[in-house]
Amino acid sequence: MPESRTKVGCCGFPASRGSYYALFPVVEIQQTFYEPPRPGTARRWREEAPAGFEFTLKAWQLVTHEATSPTYRRLKTPLSDRERGEVGAFRWTDVVRRAWDRTHEIARLLGADKIVFQCPASFEPTSVNHDRLRRFFRSIEREGLVCLWEPRGAWRASEVRALCEELDLVHCVDPFEAEPVTAGLRYFRLHGIGGYRYRYTDADLDRLAGLAGGDEAAYVMFNNASMLEDARRFLARLA
């Protein structure tokens, strides 16, 4: 790894886990968003990974996304009609509390201390959603955890900054779309300029190296169709 304190990886495993572990120092687990794996699966992943390898993960969609989201097609846990009206948008309900507990358990088993809360654009900057964020993050057990918030849509930078400071959150962002509004740790999720199928150019990667450089730790997590190739090219560029 380079001395710049930049960690490079992918959102999910775009190759076999064994080959991935040999290439990168970190992975962001995506399965936890759709349906957290069984505890035994998380233990196996932790045990098979080399010493020093880091896992981060996405919070279960029941916390962040309402049941109308198309991502619920991949949900295996059945929800009653009542529960479907109680999930998502950081509602502090029994079903969301249980979803957080499962997310937290998998994080613990993976030895992960960073959890990404990715919001859909439908989670708008209303006073109701401000209050839901406050209640959720003030209620959960989060000792030793770094909570990374990736808002989307019409959120103003000033709103995001104020809530991150109030609730001790790290602003998670695609650096080609916006700048992070929190200081210190940077966590970049690269979704592809204009869409998932975008392949980053050499000029893009040079710019990204500048954005990720500095004294503070930075995570650069590729989440586009060519994530494996682009992440390898970027890692080589840093070296």
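In the predicted model, Gly210 is located in helix α9. With a relative accessibility of 56%, Gly210 is classed as exposed, because the cut-off for that class is over 50%. Its C-alpha atom is separated by 9.9 Å from that of Leu238, a residue 28 positions away along the chain. Leu238 belongs to helix α10, where it takes part in the contact with α9.

Helix α9 spans residues 202–212 and packs against helix α10, which covers residues 227–238. The two axes lie 10 Å apart and form an angle of about 55°. The arrangement of α9 relative to α10 is therefore oblique. The crossing of α9 past α10 is right-handed. On the α9 side, the contact is formed by Asp202, Leu205, Asp206, Leu208 and Ala209. Helix α10 contributes Asp230, Arg233, Phe234, Arg237 and Leu238. Sorted by class, the contact of α9 with α10 holds five nonpolar and five charged residues, with no polar residue.

A second helix pair is formed by α3 (residues 39–48) and α6 (residues 94–110), whose axes come within 8 Å and cross at roughly 25°. Helix α3 is therefore roughly parallel to α6, since angles under 35 degrees fall in that class. The passage of α3 across α6 is right-handed. Pro39, Ala42, Arg43, Trp45 and Arg46 represent α3 in this contact, and they meet Glu105, Ile106, Leu109 and Leu110 of α6. The contact of α3 with α6 comprises six nonpolar and three charged residues, and no polar residue is present.

The buried residues of α3 include Thr41, Ala42 and Trp45. When α3 is viewed down its axis, these buried residues occupy an arc of 100°, so they line one face of the helix. In an α-helix there are 3.6 residues a turn, so positions three or four places apart point the same way. The buried residues of α3 pack against several elements, namely α1 (17–23), β2 (26–29), α2 (31–34), β3 (54–58) and α6. Ala42 and Trp45 are thus buried and are also among the residues of α3 that contact α6.

Helix α5, which comprises residues 81–84, contains Arg84. At a relative accessibility of 38%, Arg84 counts as partly exposed. Apart from residues up to four places away in sequence, Arg84 touches Ala67 and Leu79. The C-alpha atom of Arg84 is separated by 9.1 Å from that of Val95, 11 residues away along the chain. The loop between α5 and α6 includes Ala89. Although Ala89 is not a glycine, its phi is positive, at about 55°. Ala89 has a relative accessible area of 3% and is therefore buried.

Helices α7 and α8 also pack against each other, with axes 10 Å apart and an angle of about 25°. This angle makes α7 roughly parallel to α8, and the crossing of the two helices is right-handed. The contact involves His130, Leu133, Arg134, Phe137 and Arg138 of α7. From α8, Glu159, Leu163, Glu166 and Leu167 take part. By class, four nonpolar, one polar and four charged residues make up the contact of α7 with α8.

Within helix α8 (residues 157–167), the buried residues are Glu159, Val160, Leu163, Cys164 and Leu167. Seen down the axis of α8, they fall within an arc of 125° and so line one face of the helix. The elements covering these buried residues include α7 (127–139), β5 (146–150) and β6 (170–173). Among the buried residues of α8 are Glu159, Leu163 and Leu167, and these residues are likewise part of the contact with α7.

Helix α8 is followed by Asp168, which lies in the loop between α8 and β6. The phi of Asp168 is near 60°, a positive value in a residue other than glycine. Asp168 has a relative accessibility of 60% and therefore counts as exposed. A positive phi is thus found both in Asp168 and in Ala89, whereas Asp168 is exposed and Ala89 is buried.

Key:
Residues numbered from 1 in each chain as written. Predicted model: local features only at pLDDT ≥ 70, side-chain atom pairs only at ≥ 80, totals over all residues. Heavy atoms only, no water. Axes fitted to C-alpha atoms, helices over the stretch in contact; angles between N-to-C directions. Helix = DSSP H or I, 4+ residues; strand = E, 2+ residues; numbered from the N terminus. Parallel < 35°, antiparallel > 145°, perpendicular 65-115°, else oblique. Left-handed = near helix turned anticlockwise from the far one by under 90°. Contact = heavy atoms within 4.5 Å. Nonpolar A, V, L, I, M, F, W, Y, C, P; charged D, E, K, R; others polar. Buried < 20%, exposed > 50% of the residue type's maximum accessible area, 1.4 Å probe, protein only. Arc of directions from axis to C-beta.
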